[in-house]
Amino acid sequence: MTIDNLKIPTVALGTWAWGDSGETGDGYFGSPLTRADLEEVADKAHAAGFTLWDTAVVYGMGHSESVLGEVLKRYARSDYQLSTKFTPQAAGAGEDPMADMLEQSLARLGTDYVDLYWIHNPADVARWTPHLIPLLKSGKVKHVGVSNHNLSEIELANQILGEAGFGVEAVQNHYSLLYRSSEDAGILDYCRNQGIPFFAYMVLEQGALTGKYSPQNPLPEGTNRAKAYNGMLPQLKALTDRLASIGQSQGAAAPDVATAWAIAKGATPIIGVTKPNYIDGLVRATSMTLTGGDIAELEALADAANVNTRGWWEKEMQV
Ligand SMILES: NC(=O)c1ccc[n+]([C@@H]2O[C@H](COP(=O)([O-])OP(=O)(O)OC[C@H]3O[C@@H](n4cnc5c(N)ncnc54)[C@H](OP(=O)(O)O)[C@@H]3O)[C@@H](O)[C@H]2O)c1
């Protein structure tokens with residue numbers, strides 16, 4: 001029952017890595033990020049029409065939101081959409097921890113509303129979902145979604161919001177060639193049938209599916225993503241090689257094809273953008289055509305890699 005419709009882009013922009021300090025090898029991602037680079041990323045993204053930014057309190061414990069807020073100061077607030085999250089595990093002890101966490105996010109982001117507010121994970125659906133309702137009524141939150149929820153949890157959240165005249169307006173889960181649990185569990189079908197946009201995160205498996213990392217050139221030493229992915233890079237080579245060769249035939253690169261795959265499956269990918277030239281990849285991804293044969297072949301290669309990329313914060317989607 002929100003007044004303005006949520007504008008769903010073809011691709012959304014992820015800023016988890018923006019929570020890192022920017023020093024090489026430091027933090028979750030360990031990408032060297034400078035303020036000037038991030039401004040260039042934002043300028044390129046906006047010029048190309050990508051204007052939905054996804055962040056969360058827990059990305060660098062406020063740092064991603066603060067940096068994003070600073071970088072976006074150069075645009076009118078109506079020229080971009082902000083998506084951030086309530087993380088139950090980081091809830092404070094106040095009377096309404098969700099309202100408190102939102103206020104802190106608004107302050108860091110330098111705004112008085114967010115376009116899309118998510119419950120980051122289903123710690124307790126019956127407890128936390130109702131807290132969204134006053135935030136929607138206040139106008140500080142325009143639209144709401146749930147992340148990392150399984151199908152029955154999405155349905156429960158939708159029912160709770162529905163009783164107040166609202167509803168789940170977006171779902172955000174891990175979904176990549178290597179991790180298709182939301183599809184297997186019927187969540188993509190449910191979203192399609194209900195007209196709920198499905199946002200796919202970690203479509204590039206934090207860089208492991210881009211083809212630029214290999215046993216010879218592993219993910220940055222000492223980072224969380226290195227621990228998660230470096231051991232499986234040899235198994236991913238056949239898949240990333242095929243992503244690259246499909247891309248080559250259309251003037252595109254492996255990550256563009258992985259992104260185009262998610263779009264072809266009906267998802268809105270949220271791609272972690274750490275360098276200005278990655279925006280060119282998003283432009284290519286949105287104008288590529290993958291055949292049914294390409295998709296089947298990529299999925300078969302992904303299955304043959306036989307790896308499990310479930311994040312440590314995620315639970316199985318099958319119930
Ligand atoms: N709701 C949740 O629980 C949840 C969980 C995870 C993520 N997310 C959201 O989803 C977003 C995306 O996930 P993610 O950032 O974790 O991982 P991702 O999008 O799978 O991968 C991002 C990494 O891929 C590399 N990359 C991106 N575009 C590239 C290109 N065109 N060419 C070569 N390399 C490229 C970059 O690595 P380098 O920096 O090494 O170049 C970048 O850091 C997050 O930023 C966050 O907003 C949500």
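## A buried aromatic pair

F29 is buried, having a relative accessible area of 10%, and its partner Y28 is buried as well, with a relative accessible area of 14%. Both residues are called buried because their values fall under the 20% cut-off for relative accessible area. The structure discussed here is a predicted model, and this should be kept in mind while reading on.

A search of the whole structure finds 11 aromatic pairs. In one of them, Y28 and F29 come together in a tilted arrangement, with 5.8 Å from centre to centre and 45 degrees between the planes of the rings. Y28 and F29 also belong to a cluster linked by ring pairs, whose other members are W16, Y59, W312 and W313.

## The nonpolar cores

The largest nonpolar core holds 95 residues, and those that touch the most other members are W18, W53, Y117, V171, F198 and L243. Among the elements of the structure, helix α11, which covers residues 254-264, gives the most to this core, contributing six residues.

If residues up to four places away in sequence are not counted, L243 touches L177, L209, A254, V257, A258 and L298. Apart from the largest core lies another one, made of eight residues that include L6, A12, L52 and F199.

## Charges over a ring

Which residue lies over the face of Y113, at 3.9 Å from the ring centre? That residue is R77. The ring of Y113 also has the charged end of K142 sitting over it, in this case 4.9 Å from the centre.

Conventions
Residues are numbered from 1 along each chain as its sequence is written. This is a predicted model: local features need pLDDT of at least 70, side-chain atom pairs count only at pLDDT 80 or more; totals for chains, interfaces and linings use all residues. Side-chain values use heavy atoms; hydrogens and water are left out. A nonpolar core is a set of buried Ala, Val, Leu, Ile, Met, Phe, Trp, Tyr and Cys residues joined through side-chain atoms within 4.5 Å. Buried means under 20% relative accessible area, exposed over 50%, partly exposed in between (1.4 Å probe, protein chains only). Helices (H or I, at least four residues) and strands (E, at least two) are DSSP runs, numbered from the N terminus. Contact means heavy atoms within 4.5 Å. Rings of Phe, Tyr and Trp (its six-membered ring) pair if their centres lie within 6.5 Å; planes under 30 degrees apart count as stacked, over 60 as edge-to-face and the rest as tilted. A charge sits over a ring if NZ of Lys or CZ of Arg is within 6 Å of the ring centre and within 35 degrees of the ring normal.
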